[in-house]
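Q: Please take a close look at one part of this structure and describe how its pieces fit together.

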Amino acid sequence: MARAVGDLVADSGADLDEELVLPPSWNVAPTDDVAVVLERAVPTSGSEAGTRREIHVARWGLVPPWATDLSVGSRAFNARSETVTEKPTFRSAVKARRCAVPVDGYYEWLKPDTGAPRSAKKRPFYVHSADGSPTYFAGLYEWWKDESVPEGDPGRWLLSCTILTGPSPDAADLESARWDGVNQVGLDTLEQLGGLHDRLPLPLDRDTLDAWLDPVKLPSAEAAEALVAQVREQAYRTASAWTLDEVGTAVGNVRNNGPELIEPLESLL
């Protein structure tokens with residue numbers, strides 16, 4: 001994410017007690033550091049606990065508390081929403097440790113059409129909100145203790161996260177979106193997303209963001225599944241406000257990192 005932390009604080013309504021160090025990046029890869037927004041229960045002057053929304057830096061790739069090393073995280077940067085309440089890596093976090101992962105946009109690669117010449121190559125697209133506002137993906141977080149690091153050392157605890165995904169929209173979903181009031185521009189965007197990839201990171205609108213971040217522990221897998229379903233139900237409507245720009249293939253090399261990576265291809269030629 002290349003957005004300034006102060007802008008993210010203002011947009012998300014989060015508090016920031018200390019200076020958060022997260023260098024701007026236009027080419028984030030799994031195991032990189034990313035910003036996460038989460039809420040914690042905090043004591044108040046009354047009889048009930050309040051909540052506090054915070055921004056933290058987390059490693060992208062969830063490492064569950066029972067993991068013996070960090071390698072689990074390299075395979076857990078995404079969580080399928082259809083099975084997130086069942087998988088051992090995610091089922092505890094989805095009930096109690098939910099977060100949002102703010103992004104300026106993300107890259108997806110379009111595979112050549114079936115029957116295309118063997119010389120045809122994948123083409124990268126930058127997917128982002130049409131108005132330039134940040135997108136908040138539904139995520140989960142965990143704290144992992146590194147037993148090899150001494151007690152009291154800040155490096156003993158690692159915060160990590162994952163992003164929930166769901167199926168990309170198909171023809172039936174487009175028809176549902178039409179009935180839901182999505183305009184033609186939004187429908188065209190959803191059709192493009194459906195053709196781009198079969199999976200979609202799940203975005204949150206503002207109401208669903210508030211519900212997802214609620215730190216109250218859910219009592220059962222069924223309650224967690226109901227909340228995940230709420231996220232899926234609004235995802236296409238929220239994604240309809242995105243736009244897709246084809247960009248240059250330099251993004252395929254993680255050593256490349258600069259604002260030129262998100263420039264639309266036609267402006268580079």
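Which residues in H3 meet which residues in H4?

A: In this predicted model, Leu174, Ala177 and Arg178 are the residues of H3 that meet H4, and their counterparts in H4 are Gln184, Leu187, Leu190 and Glu191. Sorted by kind, the residues of this contact are four nonpolar, one polar and two charged.

The two helices themselves come next. Helix H3 covers residues 171-179, and its N-terminal end is capped by Asp170, which has a side-chain oxygen 3.2 Å from the backbone nitrogen of Ala172. After H3 comes Gly181, with a positive phi near 95°. Helix H4 covers residues 184-196. The axes of H3 and H4 are 10 Å apart, and the helices pack at an angle of about 160°. Angles over 145 degrees count as roughly antiparallel, so H3 is roughly antiparallel to H4. The crossing of the two, H3 and H4, is right-handed.

H4 also has a sheet to deal with. This helix lies across S5, S6 and S10, and runs at about 50° to S10. Those three strands form an open sheet in the order S5-S6-S10, with antiparallel pairing. S5 (105-110) and S10 (242-246) are the edge strands; each has a single partner strand, so one side of each has no neighbour in the sheet. On average, neighbouring strands here are turned by 30° against each other, direction ignored. S5 and S6 (residues 123-129) run antiparallel and are joined by six bridges. In this pair of strands, Gly105 stands opposite His128 of S6.

Notes
Residues numbered from 1 in each chain as written. Predicted model: local features only at pLDDT ≥ 70, side-chain atom pairs only at ≥ 80, totals over all residues. Heavy atoms only, no water. Pairing = 2+ DSSP bridges. Helix = DSSP H or I, 4+ residues; strand = E, 2+ residues; numbered from the N terminus. Axes fitted to C-alpha atoms, helices over the stretch in contact; angles between N-to-C directions. Contact = heavy atoms within 4.5 Å. Polar contact = N/O pair within 3.5 Å; in protein donor to acceptor, adjacent residues only side chain to side chain. Parallel < 35°, antiparallel > 145°, perpendicular 65-115°, else oblique. Left-handed = near helix turned anticlockwise from the far one by under 90°. Nonpolar A, V, L, I, M, F, W, Y, C, P; charged D, E, K, R; others polar.
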